[in-house]
Amino acid sequence: MTGPSRGLTIVLGAMATGPSILVTAFEPFGIVRGSVPGLRGNRSRDILGLLRADYDFVDQLTFEVLPVNAAACTRLEDRLSEGPSGVLLMGEDLLSSIRLEPRAYDPDYQIGPLRLPGARTRTSGFATLIAPDMKVRGVSSASGIGTYYCNRAYWDALGWSERMSGRPAVFFHVGPHSNLEWQCSVVRAALVRMRRAVPVPA
């Protein structure tokens, strides 16, 4: 990664021009947050912070930190209505290093944390595209999206992707006990692939 901008404009050559990619993270949550080592923030928000300062992505990304409540989906919907070229979402999983989520489940098919049989799914075509590269990097793509706001946000993002003729949408779960710089490098690689997948305006 490079340092903050000092008046020069350098854009990663492999990346197309066009609307920005939306990158989201979640606010800290949980009653033990701040009282257990490594749980003072939210790892997804930490990665978002590094991406904000990444000089190679100047004017390429927009950002949103979502609350861990029902307002998350409303805020995400508002940001998606702005017409980003793609969306990369992140959430924290205490037991994960970093995981590429292949699908989301219809949140209407659950009671509390219990997912009901027959729940509809939406699959990320972009996650399928990058899964081989992510595997080489040591990233799992086994589904573990859960039944919390991560799943709800991903479900909505994949619905947006379908309505927008397949604009890329993907979700990464990240854990607080793995190397932050390595996790960020994985997310960064996914963003470069996403930008390449976005059509360049005529």
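A helix, as I use the word this morning, is a DSSP run of H or I that is at least four residues long, and by that definition R45 lies in helix α1, residues 43–52. Please keep in mind throughout that this is a predicted model.

Let me stay with R45 for a moment. R45 is partly exposed, with a relative accessible area of 35%, and, leaving aside residues up to four places away in sequence, R45 touches A25, F26, P28 and V65. R45 and E64 are 19 residues apart in sequence, and their C-alpha atoms are 9.3 Å apart in space.

In the same helix, the side chains of R43 and D46 meet in a salt bridge, at 3.6 Å from N to O. R43 and D46 are three residues apart in α1, which means that about one helical turn separates them. R43 is buried, with a relative accessible area of 11%, whereas D46, at 34%, counts as partly exposed.

Moving on to the charged pairs, the structure holds eleven salt bridges. One of them joins the side chains of R79 and E64, at 2.7 Å from N to O. Because R79 lies in helix α2, residues 71–80, and E64 in strand β2, this pair ties together parts that are 15 residues apart in sequence. Both R79 and E64 are buried, and they belong to a network of salt bridges that links E64, R75, R79 and E82.

What, then, does the side chain of D56 contact? D56 is found in the loop between α1 and β2, and its side chain makes a polar contact, at 2.5 Å, with the side chain of R188. With a relative accessibility of 16%, D56 counts as buried, because the cut-off for that term is under 20%.

Finally, I would like to turn to helix α3, residues 125–136, whose buried residues are F126, A127, I130 and M134. Why do these residues sit on the same side of α3? They cover an arc of only 90° around the axis, and that is what places them together on one side. The elements that cover these buried residues include β4, α4, β9 and α5, while the face turned away from the buried side carries the exposed residues G125, T128, P132, K135 and V136.

Around the end of α3, D133 forms a salt bridge with R137, the closest N and O atoms being 3.0 Å apart. D133 is partly exposed at 24%, and R137 is likewise partly exposed, at 36%. The helix is followed by G138, whose phi is positive, near 85°.

Conventions
Residues are numbered from 1 along each chain as its sequence is written. This is a predicted model: local features need pLDDT of at least 70, side-chain atom pairs count only at pLDDT 80 or more; totals for chains, interfaces and linings use all residues. Side-chain values use heavy atoms; hydrogens and water are left out. Buried means under 20% relative accessible area, exposed over 50%, partly exposed in between (1.4 Å probe, protein chains only). Helices (H or I, at least four residues) and strands (E, at least two) are DSSP runs, numbered from the N terminus. The arc is that of the directions from the helix axis to the C-beta atoms. Contact means heavy atoms within 4.5 Å. A polar contact is a pair of N or O atoms within 3.5 Å; within protein, one must be able to donate a hydrogen and the other to accept it, and residues adjacent in sequence count only if both atoms are side-chain atoms. A salt bridge is a side-chain nitrogen of Lys or Arg within 4 Å of a carboxyl oxygen of Asp or Glu.
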